[in-house]
Amino acid sequence: MSPRSARLARLSRSVTFSACHRLHSKSLSDEENLKLFGKCNNPNGHGHNYKVIVTVRGEIDPVSGMVMNLTDLKEYMQAAIMEPLDHKNLDKDVPYFSEVVSTTENVAVFIWDNLQRLLPPGILYKVEVQETEQNVVVYKGEETIVK
Ligand SMILES: Nc1nc2c(c(=O)[nH]1)N=C([C@H](O)[C@H](O)COP(=O)(O)OP(=O)(O)OP(=O)(O)O)CN2
Ligand SMILES: [Zn+2]
């Protein structure tokens, strides 16, 4: 069979969700938490309107013309992002954040791991979380060895 070439494309979809949280680490004292997180350590928390942009990467299927059907991606994002996070207190309502500090970095990892469980293998490329217009995290599934 002769080799064929396929066009690779990246496909993105965004959602927004509202949630509140408090930056507080159980590994630190109250004083250390206040010093590290400042106003974000306020005991009663604060809220954000988060924007999440999910990007998948793959071949453009010659029959469907799609990398994946956006209708399917929408459903996966509903299950992986909106259902667990929208209108929640991240620290109290989402078990993952009872032991993990609810920074934007960790929100991005949480979403990545949830999507990985739902999407076809190897297709997830990037999760971008905008906590505010100024504060943005990109996670692409990368890990490093910690000694
Ligand atoms: N590395 C991180 N640092 C901080 C995070 C984070 O997720 N990762 N988060 C916060 C707070 O949650 C906080 O919400 C940030 O608020 P703020 O500084 O007020 O946000 P802005 O920069 O958008 O607001 P300004 O108007 O520019 O003050 C803190 N650190
Ligand atoms: Zn915050």
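Mentor: Let's start with a definition: two strands count as paired if DSSP finds at least two bridges between them. Keep in mind that this is a predicted model. In it, V129 stands opposite V137 in β5.

Trainee: Before we go on with the strands, how many helices and strands does the protein have?

Mentor: There are 4 helices and 5 strands. Reading from the N terminus, the elements come as β-α-β-α-β-α-α-β-β. The C-alpha atoms fill a box of roughly 65 × 40 × 25 Å along the principal axes.

Trainee: In what order do the strands lie in the sheet?

Mentor: Order in a sheet is read from strand to neighbouring strand. Here the 5 strands form an open sheet in the order β3-β1-β2-β4-β5, with mixed pairing. At the edges stand β3 and β5 (136-139), each with a single partner strand, so one side of each lacks a neighbour in the sheet.

Trainee: How do I read the pairing between β1 and β2, and how many bridges join them?

Mentor: Look at the direction of the strands, then count the bridges. Strand β1 (residues 8-21) and β2 run antiparallel and are joined by 14 bridges. As one example, L11 has V56 of β2 as its bridge partner. V56 also has a bridge partner in β4, namely L124. β2 and β4 are again antiparallel, with 6 bridges between them.

Trainee: And what joins β4 to β5?

Mentor: A hairpin does, through 5 residues. The two strands pair in the antiparallel sense over 4 bridges. Q130 has V136 in β5 as its bridge partner.

Trainee: What should I keep in mind about side chains along a strand?

Mentor: In a regular strand, side chains alternate between the two faces of the sheet.

Trainee: Now the helices. Which strands does α2 lie across?

Mentor: To describe such packing, name the strands that the helix touches and give an angle. α2 lies across β1, β2 and β3, and runs at about 25° to β1. α4 also packs on the sheet, where it touches β2, β4 and β5; its direction makes about 145° with that of β4.

Trainee: Is α1 buried or in the open?

Mentor: Count its buried residues. Helix α1 (residues 30-37) has 8 residues and the number buried is 0, so it lies largely in the open. Across the protein, 18% of the 147 residues count as buried.

Trainee: Which residues touch the most other members of the largest nonpolar core?

Mentor: They are V52, I111 and V129, in a core of 22 residues. The elements giving two or more residues to this core are β2 (46-59), α2, α4 (104-118) and β4 (124-130). α2 gives the most, with 6 residues. Take I111 as a case: beyond residues up to four places away in sequence, I111 touches V52, A80, I81, V127 and V129.

Trainee: Do such contacts reach far along the chain, or stay local? What share comes from residues 24 or more positions apart?

Mentor: Among contacts with a separation of 6 or more, 69% are between residues 24 or more positions apart. G141, in the segment after β5, gives you a case to look at. Leaving aside neighbours within four places in sequence, G141 is in contact with W112 and L124. G141 and W112 are 29 residues apart along the chain, and their C-alpha atoms are separated by 7.1 Å. With 13 C-beta neighbours inside 10 Å, G141 counts as partly exposed.

Trainee: How do I read an unusual phi angle?

Mentor: Start from the rule of thumb: most residues other than glycine have a negative phi. H87 is not a glycine, yet has a positive phi of about 60°. H87 sits in the loop between α2 (70-85) and β3 (88-89), and counts as exposed because there are 10 C-beta neighbours inside 10 Å. A glycine case is G38, just after α1, with a positive phi of about 55°.

Trainee: Last one: which residues surround ligand 1?

Mentor: List the shell, then sort it by character. Around ligand 1 are L23, C40, T103, T104, E105, E131, T132, Q134 and N135. This shell divides into 2 nonpolar, 5 polar and 2 charged residues.

Terms used
Residues are numbered from 1 along each chain as its sequence is written. Chains are lettered from A and ligands numbered from 1 in the order in which they are written. This is a predicted model: local features need pLDDT of at least 70, side-chain atom pairs count only at pLDDT 80 or more; totals for chains, interfaces and linings use all residues. A residue is buried if 20 or more other C-beta atoms lie within 10 Å of its own, exposed if 12 or fewer, and partly exposed in between; C-beta atoms are placed from the backbone. Two residues are in contact if their C-beta atoms, placed from the backbone, lie within 7 Å. A residue is near a molecule or strand if its C-beta atom, placed from the backbone, lies within 6 Å of it. Ala, Val, Leu, Ile, Met, Phe, Trp, Tyr, Cys and Pro count as nonpolar, Asp, Glu, Lys and Arg as charged, and the others, Gly among them, as polar. A nonpolar core is a set of buried Ala, Val, Leu, Ile, Met, Phe, Trp, Tyr and Cys residues joined through C-beta atoms within 7 Å. Axes are lines fitted to C-alpha atoms, for helices over the stretch in contact, and angles run from 0 to 180 degrees between N-to-C directions.
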